[in-house]
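Okay, thanks everyone for coming. Let me put the structure up on the screen, and then I'll walk you through the bits I'd like you to look at.

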Amino acid sequence: MLDVAWLTRAQAAARVQLSERTLARAIRLGDLRAFKVGAGKKLWRLKPCDVDAWIEAAAVPMVVDRTGDGHTQKAATPVPAENGRSSRGE
């Protein structure tokens, strides 16, 4: 068996700076892999690599300030017009 430094739910939450409740929800939804241990199966253990992969997968692309005025803007998505040309005149 691999030598893994298992994390408790509290340790995993601290690792990604989220609440234990948020982690519990991710586990319940099947988004984050965790293992029940102990007789009552009320104890949870998580692998650090699973926690890291989960938080990385939740990353949102960073929006860059291309205007130079300190405000960020998302790229506009062309909307098809009725005549088949986009509403931006392309």
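Before I start pointing, when I say "buried" I mean under 20% relative accessible area, while "exposed" is over 50% and "partly exposed" is in between. And keep in mind that this is a predicted model.

So, let's begin with helix α1. A12, A13 and V16 are the buried ones there. They cover an arc of only 100 degrees around the axis, so they sit on the same side of α1. And what do the buried residues of α1 pack against? The answer is α2 and α3.

That takes us to the core. In soluble globular proteins, nonpolar side chains tend to be buried together. Here, the largest nonpolar core has 11 residues, and those three from α1, namely A12, A13 and V16, are among them. The rest are L7, L23, A26, I27, L32, L46, V51 and W54. Three helices, α1 (9-16), α2 (20-28) and α3 (48-57), supply at least two core residues each.

If you want one core residue to click on, try L46. Skipping neighbours within four places in sequence, L46 is in contact with W6, L7, T8, R9, A12, I27, L32, R33, A34 and V51.

Okay, on to α3, and a charged residue. D50 is located in that helix. Is D50 buried or exposed? It counts as buried, because its relative accessibility is 17% and the cut-off is under 20%. Again leaving out residues up to four places away in sequence, D50 touches L32, R33 and F35.

Hang on to F35, because F35 is half of the edge-to-face pair with W6: the ring centres are 5.3 Å apart and the planes are at 85 degrees. Searching the whole structure turns up 1 aromatic pair, and this is the one, W6 with F35. W6 comes from the segment before α1 and F35 from strand β1 (residues 35-37), so the pair ties together parts 29 residues apart in sequence. Both rings belong to partly exposed residues: W6 is at 32% relative accessibility, and F35 is at 30%.

Last stop, just past the end of α1. Q17 follows that helix and lies in the loop between α1 and α2. Its phi is positive, about 55 degrees, even though Q17 is not a glycine. Q17 is also exposed, with a relative accessible area of 73%.

That's my tour, so over to you for questions.

Technical notes: Residues are numbered from 1 along each chain as its sequence is written. This is a predicted model: local features need pLDDT of at least 70, side-chain atom pairs count only at pLDDT 80 or more; totals for chains, interfaces and linings use all residues. Side-chain values use heavy atoms; hydrogens and water are left out. A nonpolar core is a set of buried Ala, Val, Leu, Ile, Met, Phe, Trp, Tyr and Cys residues joined through side-chain atoms within 4.5 Å. Buried means under 20% relative accessible area, exposed over 50%, partly exposed in between (1.4 Å probe, protein chains only). Helices (H or I, at least four residues) and strands (E, at least two) are DSSP runs, numbered from the N terminus. Contact means heavy atoms within 4.5 Å. The arc is that of the directions from the helix axis to the C-beta atoms. Rings of Phe, Tyr and Trp (its six-membered ring) pair if their centres lie within 6.5 Å; planes under 30 degrees apart count as stacked, over 60 as edge-to-face and the rest as tilted.
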